[in-house]
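Reader: Hi! I'm new to reading protein models. Could we look at one together?

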Amino acid sequence: MASFLIAVLTMGLAVFLVAQLLPGIKVRNFPTALLVALVFGILNALLKKLLIFLTLPFVVLTLGLFIVVINAFLLWITSRLIKGFEVAGIGPLLLGTLLISLIDLIFHWMIF
């Protein structure tokens with residue numbers, strides 16, 4: 001349970017930092033960023049493996065880079081579900097997905 005809370009906190013912090021860095025991504029406040037992290041994590045847990053399976057030829061042909069597109073799609077769904085979290089277009093969406101994943105990876109590396 002503690003590791004789950006730490007994962008949500010680090011992802012929320014990553015979302016909040018990326019929203020401060022990229023002009024195309026807006027988060028109302030830090031609690032909204034935590035909600036984004038929670039919903040994004042749930043969507044990842046429920047849909048990511050199914051989407052990877054359905055798009056397996058693209059994932060294999062791009063040597064796994066298509067997973068970034070799947071993550072961006074899940075982040076876009078999250079932006080549609082949560083008021084106070086907005087993504088302006090596909091460019092900020094893809095770059096935001098990469099930065100959120102990278103920052104979250106660094107936080108996990110530092111903590112765990």
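Author: Sure, let's chat about the aromatic pairs and then one helix; keep in mind that this model is predicted.

Reader: How many aromatic pairs are there?

Author: The count comes to three aromatic pairs. In one of them, the ring centres of phenylalanine 16 and phenylalanine 30 are 5.7 Å apart and the planes sit at 85°, so this pair is edge-to-face.

Reader: Which helices do phenylalanine 16 and phenylalanine 30 lie in?

Author: Phenylalanine 16 is in helix α1 (residues 2–21) and phenylalanine 30 is in helix α2 (residues 30–54), so the pair ties together parts 14 residues apart in sequence. Phenylalanine 16 is partly exposed, at 24% relative accessible area, and phenylalanine 30 is partly exposed too, at 30%.

Reader: Nice! And how are the rings of phenylalanine 73 and tryptophan 76 arranged?

Author: Their centres are 6.1 Å apart with the planes at 25°; planes under 30 degrees apart count as stacked, so this pair is stacked. Both residues belong to helix α4 (residues 66–81), three residues apart, or about one turn of the helix.

Reader: Are phenylalanine 73 and tryptophan 76 buried or exposed?

Author: In between: phenylalanine 73 is partly exposed at 38% relative accessibility, and tryptophan 76 is partly exposed at 37%.

Reader: Switching topic, how far does α4 reach?

Author: Its 16 residues reach 23 Å from the first C-alpha to the last, close to the expected 22 Å.

Reader: Which residues of α4 are buried, and what covers them?

Author: The buried ones are Ile70, Asn71, Ala72, Leu74, Leu75, Ile77, Thr78 and Ser79. Their cover includes α2, α3 (56–61), β2 (85–87) and α5 (90–111).

Conventions. Residues are numbered from 1 along each chain as its sequence is written. This is a predicted model: local features need pLDDT of at least 70, side-chain atom pairs count only at pLDDT 80 or more; totals for chains, interfaces and linings use all residues. Side-chain values use heavy atoms; hydrogens and water are left out. Rings of Phe, Tyr and Trp (its six-membered ring) pair if their centres lie within 6.5 Å; planes under 30 degrees apart count as stacked, over 60 as edge-to-face and the rest as tilted. Helices (H or I, at least four residues) and strands (E, at least two) are DSSP runs, numbered from the N terminus. Buried means under 20% relative accessible area, exposed over 50%, partly exposed in between (1.4 Å probe, protein chains only). The expected span of a helix is 1.5 Å times one less than its number of residues. Contact means heavy atoms within 4.5 Å.
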